[in-house]
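Thank you all for making the time this morning. Please have the sequence and the model open in front of you while I talk.

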Amino acid sequence: MSCPAAQAYANACTRERTDIAPEIIDALNMGDRECAPSNGRPLVDADLRCIAEALRMPHGLRCLSLEENAFGLDGVSAILDALSVNPGTLLELRLGKNKLKDPSVISIANTIMTTPLGLKVIDLGDNGITKLGCEALCNALVSKECSLIEVSLHSNQLEADSGIALAKAIRSAILKHLHLGYNQLRDAGATQLARCIPITSTLTTLDLTSNRIGPQGGQELARALMSATCSLQRI
């Protein structure tokens, strides 16, 4: 017999006329902590609306990986709305490689800023995010409702002018890990981050891999790391 969450998902699939992903049914029925549904094809908005119905019910999932699919803002909004019904249950949401772009990220940021979700980790890597989406997300990271301790923005389109917003984000009272690899922050962006590193209280990981940071930016980061108040353990 299916658990209520699995039954809610199956009913939603029937209503949306979309295929049932066996991985989701199995994960919900078995009480698995992690699920990466594929359904043999890229998931679209209708699939995420069905998953959202399951997330509204009691379940054991802690990590939902939805990478490399074809959904958009409608599907993401359904998931976030479900998390607001059951805050603090799902802790990790991985949305990498979905071409979500700035409008979707701005919507995600607005929800994080205004609604208790209980999320601890969000991966938005490789989604074509620029300064606009980055600024919105960084504002959310320092809001009272935000519970995120790990954020990934790797492999996006962040350039040096995103540095000011990112520097604000690392001053968050709870953020521990920020992944910014494979962007284009360059010396100017690195310098902005370096100025805030000595005053961060919780950040332990700042990934700046392959950001075209030259000697000037490198020197600023090195100076920040030698500060007596630096909490970073990995950069």
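I will go through the sheet, two of the helices, the salt bridges, one loop residue and the cavities.

What we are looking at is a predicted model, in which local features need pLDDT of at least 70 and side-chain atom pairs count only at pLDDT 80 or more, whereas totals for chains, interfaces and linings use all residues. Residues are numbered from 1 along each chain as its sequence is written, and side-chain values use heavy atoms, with hydrogens and water left out.

Let me begin with the sheet, where helices (H or I, at least four residues) and strands (E, at least two) are DSSP runs numbered from the N terminus, and where two strands pair if DSSP finds at least two bridges between them. Seven strands make up an open sheet in the order 1-2-3-4-5-6-7, with parallel pairing. Its edges are strand 1 (34-35) and strand 7 (205-207), each of which pairs on one side only. At the first of these edges, strand 1 pairs with strand 2 (residues 63-65) in the parallel sense over two bridges, and glutamate 34 has cysteine 63 in strand 2 as its bridge partner.

Turning to the helices, I use buried for under 20% relative accessible area, exposed for over 50% and partly exposed for in between, with a 1.4 Å probe and protein chains only; contact means heavy atoms within 4.5 Å. Helix 3 (45-55) is mostly covered, with eight of its eleven residues buried. Those residues are Ala46, Asp47, Leu48, Cys50, Ile51, Ala52, Ala54 and Leu55, and their cover includes helix 1 (4-16), helix 2, strand 2 and helix 4. In helix 6 (residues 131-141), the buried residues include Gly133, Cys134, Ala136 and Leu137, together with Cys138, Ala140 and Leu141. The partners against which the buried residues of helix 6 pack are helix 5 (101-114), strand 5 (150-152) and helix 7 (163-169).

Now to the charged pairs. Taking a salt bridge as a side-chain nitrogen of Lys or Arg within 4 Å of a carboxyl oxygen of Asp or Glu, the count comes to eight. Arginine 56 takes part in two that I would like to show you: with glutamate 53 the N to O distance is 3.9 Å, and with aspartate 81 the closest N and O atoms are 2.2 Å apart. Because aspartate 81 lies in helix 4 (residues 73-85) and arginine 56 in the loop between helix 3 and strand 2, this pair ties together parts that are 25 residues apart in sequence. As for accessibility, glutamate 53 is partly exposed at 28%, arginine 56 is partly exposed at 31%, and aspartate 81 is partly exposed at 38%.

Elsewhere, arginine 223 and glutamate 220 form a salt bridge with their closest N and O atoms 3.2 Å apart; both lie in helix 9 (residues 215-225), three residues apart, which is about one turn of the helix. Glu16, Arg49 and Asp74, in turn, are linked in a network of salt bridges.

What does glutamine 184 contact, leaving aside its neighbours within four places in sequence? Glutamine 184 sits in the loop between strand 6 (177-179) and helix 8 (186-196), and its contacts are Leu158, Glu159, Ala160, Asn211 and Arg212. From C-alpha to C-alpha, glutamine 184 and arginine 212 are 6.2 Å apart in space, although 28 residues separate them in sequence.

Finally, the cavities. On a 1 Å grid over the protein atoms alone, a cavity is a set of points where a 1.4 Å probe fits but cannot get out, and lining residues have an atom within 4 Å of a point; grid points are joined across faces, edges and corners, and a volume is the space filled by probe spheres set on the points. There are three cavities of 30 Å³ or more, and the largest holds about 50 Å³. Its lining comprises Ile112, Thr115, Leu117, Gly118, Leu119, Glu145, Cys146, Ser147 and Leu148. If Ala, Val, Leu, Ile, Met, Phe, Trp, Tyr, Cys and Pro count as nonpolar, Asp, Glu, Lys and Arg as charged, and the others, Gly among them, as polar, that lining divides into five nonpolar, three polar and one charged.

The second largest cavity, with a volume of about 40 Å³, is lined by Ile24, Leu28, Cys35, Ile51, Ala54, Leu55, Leu61 and Leu64. Here the division is eight nonpolar, no polar and no charged, and helix 3 gives the most to this lining, with three residues.

Conventions
1 Å grid on protein atoms, 1.4 Å probe; cavity = no way out; pocket = protein on both sides within 12 Å on 5 of 7 lines; lining within 4 Å.
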